[in-house]
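Work through the exercises below with the sequence and the model at hand. Try each task before reading its solution.

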Amino acid sequence: MASSGGSGGSLAGQTITVYSGQHEQTMGKLVQDFTARTGVKVQLRSGDEAELANQLLVEGSASPADVYVAENPPALTTLENKGLLAKVTASTLAAVPAGDSSAQGDWVGLSAREAAFVYNTGKVTAAQAPTAIKDLASAAWKGRLGIAPSETDFSPVVSLMIKQQGVAATKTWLQALKDNAKVYGSNEDLVAAVNRGDVAGGVIDHYYWYRLRDEQGASGVHSTMSYFAKGDPGALVDVSGAGVLASSKHQAAAQAFLAYLVSKPAQQIIATSESYEYPLLAGVTDTRLSRPLDQSGPIASPAELGDGKQALQLMQSVGLLS
């Protein structure tokens, strides 16, 4: 297992800059704990993963960033393909399953999330919940469905659909989704709308429903989740990950931060935080989640998801994205 922070004292007093597209409050806790353990200060810049990745592309070797943390593999793959990431220390990569990180060793997986179907229990029964995501294109869901296509979690589902069904079939499906669905700007808005009964159901990442449950309390929850059948594009499980910028002037401290993120202390913070994501380190679990990760579908490989550009272009072509 990787150490909980690298060489400690020799790094104390350094400052690294982290661009993070991950959950801001959880990352804040991780940064605070890392600094307490190593003496390395962290300037944290949180934002949308795609916007931060684009900024890194623009900044190139002049970027002040030392580490980039993303919600999904495509943003990391984009930077990897441009040669902007350094190789991750072997012991850090060894802390999590090999398939959950870059095959080239340019970034390491940190946690996982699963796509799910959230539905209003007053409008949909468990038996009526879809088991295949393509079924959401049927007339039965017209006017009853919600989607949040601008969320970076949605395009990997589309990427898997392209991989399995081809471009033409995926475009037809997306056109039907546009006809059937009300579009929301975020998964938070979508899950709240389903819970209110504004729409009957929608596709989200699982953790949004758990957060809604925390916010509303048991008496305010009028929704639940179901999962698509294993092997279906809607059964997407993918990872969040982190990489060190090749241009970083603080390579040792940046690598120590990655080592920390896959260490037991950090993975336990992830397992008990409001992120409600699955930690990847063996022996660490989030006992609050009703469905263990090993009951979910296989984690999608970075190669399956690619850089996500084709999915975005298809969604733009049918008018789901501007």
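**Exercise 1. Find the volume and lining of the second largest cavity.**

Step 1. The second largest cavity holds about 60 Å³ of space. A cavity here is a set of points on a 1 Å grid over the protein atoms alone where a 1.4 Å probe fits but cannot get out. Its volume is the space filled by probe spheres set on the points, which are joined across faces, edges and corners.

Step 2. This is a predicted model, in which local features need pLDDT of at least 70 and side-chain atom pairs count only at pLDDT 80 or more, while totals for chains, interfaces and linings use all residues. Residues are numbered from 1 along each chain as its sequence is written, and side-chain values use heavy atoms, with hydrogens and water left out.

Step 3. Lining residues have an atom within 4 Å of a point. For the second largest cavity they are A115, A148, E151, D153, F154, V157, N187, V203, I204 and D205.

Step 4. Strand β7 gives the largest share of this lining, three residues. Strands are DSSP runs of E with at least two residues, helices are runs of H or I with at least four, and both are numbered from the N terminus.

Step 5. Sorted by class, the lining has six nonpolar, one polar and three charged residues. Ala, Val, Leu, Ile, Met, Phe, Trp, Tyr, Cys and Pro count as nonpolar, Asp, Glu, Lys and Arg as charged, and the others, Gly among them, as polar.

**Exercise 2. State which residues of helix α7 are buried and what covers them.**

Step 1. Helix α7 spans residues 187-196. Its buried residues (under 20% relative accessible area, with a 1.4 Å probe and protein chains only) are N187, L190, V191, A193, V194 and N195.

Step 2. The cover over these buried residues includes β4 (108-120), β5 (145-147), β7 (201-205), α8 (207-216) and β8 (223-226).

Step 3. After α7 comes G197, with a positive phi near 95 degrees.

**Exercise 3. Describe the packing of α2 and α3.**

Step 1. Helix α2 covers residues 49-59 and helix α3 residues 73-81; they pack at about 5 degrees, and their axes are 10 Å apart. Axes are lines fitted to C-alpha atoms over the stretch in contact, and angles run from 0 to 180 degrees between N-to-C directions.

Step 2. The two helices are therefore roughly parallel (angles under 35 degrees).

Step 3. The contact (heavy atoms within 4.5 Å) is made by E49, A53, L56 and L57 of α2 with A75, T78 and L79 of α3. These residues divide into five nonpolar, one polar and one charged.

Notes: Angles under 35 degrees count as roughly parallel, over 145 as roughly antiparallel, 65 to 115 as roughly perpendicular and the rest as oblique. Buried means under 20% relative accessible area, exposed over 50%, partly exposed in between (1.4 Å probe, protein chains only). On a 1 Å grid over the protein atoms alone, a cavity is a set of points where a 1.4 Å probe fits but cannot get out, and a pocket is an open set with protein on both sides within 12 Å along at least five of seven lines; lining residues have an atom within 4 Å of a point.
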